[in-house]
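Visitor: I would like to learn how to read a structure like this one, feature by feature. Could we look at it together?

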Amino acid sequence: MEISQLVDQHYESVFRFAYRLSGTSHEAEDISQQAFLDAQRKLDTLRDPDKVRAWLFMIVRNLYRRRIRDRVTHGEVALEVLADPVDQKRGSDQQVEQSLDSESLQQVLNELPEEFRSVLLLFYFRELSYREIAEQLDVPIGTVMSRLSRGKKQLRERITPESY
């Protein structure tokens with residue numbers, strides 16, 4: 001498989017995943033481009049061509065984490081990365097189920113700690129199973145389940161009429 005094929009087949013989904021992680025199109029473009037550069041250099045390490053998509057998402061996730069780590073090291077942390085949970089009363093289930101537009105959803109996702117955001121994105125947007133998420137993040141399945149539960153709880157707390 002050539003890198004041009006990977007870009008043609010997977011750029012859109014890689015960019016969307018990078019955007020959901022980073023919250024900005026500019027950073028998502030940078031991460032996506034770097035991901036394909038890294039993929040080109042490491043293409044010979046891809047063991048199972050049927051899992052190329054998961055492999056690319058792992059590269060994106062690692063690049064994003066490295067960027068955050070570098071920002072912390074250099075004192076350049078964006079506010080959304082350090083966002084504390086918002087103390088709001090939990091609304092009724094009807095309020096929680098209100099639909100969000102894409103921009104509002106991204107804003108709420110940006111407020112979540114990275115460990116919860118990653119699991120939520122992999123589960124809901126990439127539709128990976130607990131086992132696949134555990135393998136990709138290199139954590140036990142129980143940790144995936146816990147992070148998913150806590151992440152959903154934090155989302156529910158943020159998705160209230162007052163948060164718009």
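Guide: We will go through the fold, one helix, two pockets and a few single residues.

Guide: This is a predicted model, in which local features need pLDDT of at least 70 and side-chain atom pairs count only at pLDDT 80 or more, while totals for chains, interfaces and linings use all residues. Residues are numbered from 1 along each chain as its sequence is written, and side-chain values use heavy atoms, with hydrogens and water left out.

Visitor: How many helices and strands are there in the chain?

Guide: Helices (H or I, at least four residues) and strands (E, at least two) are DSSP runs, numbered from the N terminus. The chain has 8 helices and 0 strands, and from the N terminus on its elements run α-α-α-α-α-α-α-α.

Visitor: What share of the residues in the chain is buried?

Guide: Buried means under 20% relative accessible area, exposed means over 50%, and partly exposed lies in between, with a 1.4 Å probe and protein chains only. Buried residues make up 39% of the 164 residues in the chain. As for the surface, accessible areas come from the Shrake-Rupley method with a 1.4 Å probe, and for residues only the protein chains shown count as cover; the chain exposes about 9,900 Å², of which carbon and sulfur atoms supply 47%.

Visitor: Which contacts in the chain join residues at least 24 apart, and what share are they?

Guide: Contact means heavy atoms within 4.5 Å. Among contacts between residues at least 6 apart in sequence, 70% join residues at least 24 apart. Separations in space can be read alongside those in sequence: V52, found in helix 3, and L6 are 46 residues apart in sequence and 8.3 Å apart in space, C-alpha to C-alpha. V52 counts as buried because its relative accessible area is 5%.

Visitor: How should I read a single helix, such as helix 6?

Guide: An α-helix has 3.6 residues a turn, so residues three or four places apart point the same way. The expected span of a helix is 1.5 Å times one less than its number of residues. Helix 6 (residues 114-125) has 12 residues and reaches 15 Å from its first C-alpha to its last, close to the 16 Å expected at 1.5 Å a residue. In helix 6 the buried residues are E114, F116, R117, S118, V119, L120, L121 and L122.

Visitor: Which residues is R147 in contact with?

Guide: R147 lies in helix 8, and with a relative accessible area of 17% it counts as buried. Leaving aside its neighbours within four places in sequence, R147 is in contact with E115, F116, V119 and V139. S146 also lies in helix 8, but S146 counts as partly exposed because its relative accessibility is 33%. The C-alpha atoms of S146 and F116, 30 residues apart along the chain, are separated by 9.2 Å.

Visitor: How is a pocket found, and what lines the largest pocket?

Guide: Rolling a probe the size of a water molecule over the atoms shows where empty space is left. On a 1 Å grid over the protein atoms alone, a pocket is an open set of points where a 1.4 Å probe fits, with protein on both sides within 12 Å along at least five of seven lines, and lining residues have an atom within 4 Å of a point. Grid points are joined across faces, edges and corners, and a volume is the space filled by probe spheres set on the points.

Guide: The largest pocket holds about 570 Å³ of space and is lined by 17 residues, of which K51, A54, W55, E135 and Q136 lie nearest its centre. Helix 3 (52-73) and helix 7 (130-137) are the elements that give two or more residues to this lining, and helix 3 provides the largest share, 5 residues. For classes, Ala, Val, Leu, Ile, Met, Phe, Trp, Tyr, Cys and Pro count as nonpolar, Asp, Glu, Lys and Arg as charged, and the others, Gly among them, as polar; the lining of the largest pocket has 6 nonpolar, 2 polar and 9 charged residues.

Visitor: What is the volume of the second largest pocket?

Guide: The second largest pocket has a volume of about 220 Å³, and of the 10 residues that line it, L120, Y124, K152, L155 and I159 are the closest to its centre. Helix 5 (102-111), helix 6 and helix 8 (141-158) each supply at least two residues of that lining, which divides into 8 nonpolar, no polar and 2 charged residues.

Visitor: Which sign does the phi of D138 have?

Guide: Most residues other than glycine have a negative phi. D138 has a positive phi of about 60° although it is not a glycine; D138 sits in the loop between helix 7 and helix 8 and counts as exposed, at 71% relative accessibility. Another positive phi, near 55°, belongs to E127, which follows helix 6.
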